[in-house]
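Trainee: I would like to go through this structure step by step. Could we begin with how its helices pack?

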Amino acid sequence: MKTLLLNPPSFEKFDGGAGARWPARREIASYWYPVWLAYPAGLIKESRLVDAPPHGISPEQTIDIAQDFEFLVLFTSKVGFKNDVKLAELIKERNPSIKIAFVGPPVSIKPEDALNASPAIDFVARREFDYTVTEFAQGMELDKIDGVSFRRDGKIVHNPDRPPIQDLDSLPFITDIYRRDLDPTKYNIPFLKHPYISFYTSRGCPARCIYCLWPHTFTGHPWRTRGSENVVAEVKHVLEIFPEVKEIFFDDDTWAWGKQRVLDLCSHLKKLNFTWSCNSRVHADYDMLKAMKEAGCRLLVVGFESGVQEVLDNMKKGITLEQSLTFMKNCRELGLTVHGDFMIGLPGETRDTIRRTIEFAKRLDPETIQVSVAHPFPGTEFYKYLETNGYLTDDDMVDELGHQLPNFEYPWLNRQEIVDAVEHFYGTYYFRPKIIYRIVRRAIFDSDERSRLYKEARDYLSLRARRKKFTGGHVFDKGQ
């Protein structure tokens, strides 16, 4: 069956759910690769992967493309779902015989809601859908496919869950699909070298953070890994078919998890002499970090989240402030760059904890940071906490352009204060002489970086103005 796998167009510069753990339009335009769609694209013989957002493909162009296909797999998100349903209906209107499956976290958690949203959706493939949609594309009847929900005789049928894939080495190299269908120059992450390539070496995350979308709704917590030889083979393949790429990013939920695996992988990777980065937790010790550096690791993306131990405990982060400080000390000593992630609005957050987190971030002093509103996605423990306590509001999770907005507030911390705290965090952190010097230094010695920094600054200042309008001029400072 001729199959189109689609990360749909939505808001302008919006990174949807097919590669982004937190689907939203970021402060600076950022695009992750649509990894989840690339696997079935590699399994299905007659397939095409369309990643509309980074390639600037409009809804009208998407409808034109889809009229030549028999089967559409659309990766949706909580944020983009309404737009995705409208698009599916327009595609079905143009091509009535096409079968449409929705995949992704929101439809995995609430398949009935998805199917009831529109008759244009023929079925939902719950959780990991690699083989689910492949079996349908190969002609298998829906009632024989595990992991699907569909309508039959006016009722919704839920087939048994499909077990998570254990043998990840049996899956194809998705980087072949990138080369076939995608343009690497369209993918930009501010803290990564450009252009970059990303893929996974494992699935699932053993950590229990209450807010994390994929382990709660999509991949689960059990940690499943690819063999070192399999990972090395794909790295070699990438270096051969993407000579223009400057960095590989291992986008596992947490790449540096099991110490022995890290040491084993690094012993293989160091022979290849290439630059790479990955996601990490602060429990990675000196030996792990040293092995990673020696194997070519440049940068680590680390979720510090808060500078208050009580808030970290409330979110079940499983780390201590002291671990974060030690981690940063080790990274500085080894020459590893760190991009630090922080979050505003998790249980126990107050104006005081926000101030303390900002001061802690300055003490850690990662090269770059990202500050996010804590989004409560349905299916996560954070969502249940807010729902149980009556803290959810009727607001959307994003504004009309796809930027993050809180759809919750506390009696002691309202929505405007949460948004303004994000802006205050950025301003307080970046408008320091040492940080300004870092940025200017990069711009002076690298013309490509200079052009990129200019564009990023323009994007950010535009969003900053919008947020100030939302907060009504409210100022988050120590005097309030």
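Trainee: At what angle do helix α10 and helix α11 pack, and what is that arrangement called?

Mentor: This is a predicted model, and in it helix α10 covers residues 228-241 while helix α11 covers residues 259-269. Their axes are 10 Å apart, and the angle between them is about 40°. An angle under 35 degrees would count as roughly parallel. The pair of α10 and α11 is therefore oblique.

Trainee: Is the crossing of α10 and α11 left-handed or right-handed?

Mentor: The angle of about 40° does not name the hand by itself. For α10 passing α11, the crossing is right-handed.

Trainee: How are α15 and α17 placed relative to each other?

Mentor: Helix α15 spans residues 351-364, and helix α17 spans residues 415-430. The axes of α15 and α17 lie 10 Å apart, and α15 passes α17 in a right-handed crossing. Their packing angle is about 20°. With the limit set at under 35 degrees, α15 and α17 are therefore roughly parallel.

Trainee: Now the sheets. Which strands are at the edges of the open sheet of 6 strands?

Mentor: The order of strands in this sheet is β8-β11-β12-β13-β14-β15, and the pairing is parallel. From one strand to the next, the twist averages 20°. An edge strand pairs on one side only, and this picks out β8 (196-199) and β15 (368-373).

Trainee: Inside that sheet, which residue of β12 stands opposite F250?

Mentor: Strand β11 takes in residues 247-250, and strand β12 takes in residues 276-280. The two run parallel and are joined by 3 bridges. The residue opposite F250 in β12 is C278.

Trainee: Which peptide bond is cis, and where is its proline?

Mentor: Most peptide bonds are trans. The bond from H194 to P195 is cis, with omega near -5°. As for its place, P195 is in the loop between α8 (175-181) and β8.

Trainee: Which strands are at the edges of the open sheet of 7 strands?

Mentor: This sheet runs in the order β2-β1-β3-β4-β5-β6-β7, and its pairing is mixed. Neighbouring strands are turned by 20° against each other on average, direction ignored. The strands that pair on one side only are β2 (47-51) and β7.

Trainee: Which residue of β6 stands opposite F123?

Mentor: β5 and β6 pair in the antiparallel sense, over 3 bridges. Opposite F123, the residue in β6 is F150.

Trainee: What are the bridge partners in β7 of S149 and R151, and which residue stands opposite R152?

Mentor: Strand β6 (residues 148-152) and strand β7 (residues 155-158) run antiparallel and are joined by 4 bridges. S149 has H158 as its bridge partner in β7. For R151 the partner is I156, and opposite R152 stands K155.

Trainee: Which residue in the hairpin of β6 and β7 takes a positive phi?

Mentor: Most residues other than glycine have a negative phi. The hairpin has 2 residues between its strands. The residue with a positive phi, near 55°, is D153.

Trainee: Where does R127 lie, and what is its phi?

Mentor: R127 is in the loop between β5 (123-125) and α7 (130-137). R127 is not a glycine, yet its phi is positive, at about 50°.

Trainee: Last, the second largest pocket. Which element gives the most to its lining?

Mentor: The pocket has a volume of about 620 Å³. Of its 22 lining residues, the closest to the centre are K78, V79, F81, K82 and D396. Two or more residues each come from α4 (81-94), α5 (105-109) and α6 (111-117). The element that gives the most, with 3 residues, is α4.

Trainee: How many residues of each class are in that lining?

Mentor: The lining of the second largest pocket is sorted into nonpolar, polar and charged residues. The counts are 11 nonpolar, 4 polar and 7 charged.

Methods: Residues are numbered from 1 along each chain as its sequence is written. This is a predicted model: local features need pLDDT of at least 70, side-chain atom pairs count only at pLDDT 80 or more; totals for chains, interfaces and linings use all residues. Side-chain values use heavy atoms; hydrogens and water are left out. On a 1 Å grid over the protein atoms alone, a cavity is a set of points where a 1.4 Å probe fits but cannot get out, and a pocket is an open set with protein on both sides within 12 Å along at least five of seven lines; lining residues have an atom within 4 Å of a point. Grid points are joined across faces, edges and corners, and a volume is the space filled by probe spheres set on the points. Ala, Val, Leu, Ile, Met, Phe, Trp, Tyr, Cys and Pro count as nonpolar, Asp, Glu, Lys and Arg as charged, and the others, Gly among them, as polar. Two strands pair if DSSP finds at least two bridges between them. Axes are lines fitted to C-alpha atoms, for helices over the stretch in contact, and angles run from 0 to 180 degrees between N-to-C directions. Angles under 35 degrees count as roughly parallel, over 145 as roughly antiparallel, 65 to 115 as roughly perpendicular and the rest as oblique. A crossing is left-handed if the near helix is turned anticlockwise from the far one by less than a right angle, and right-handed if clockwise.
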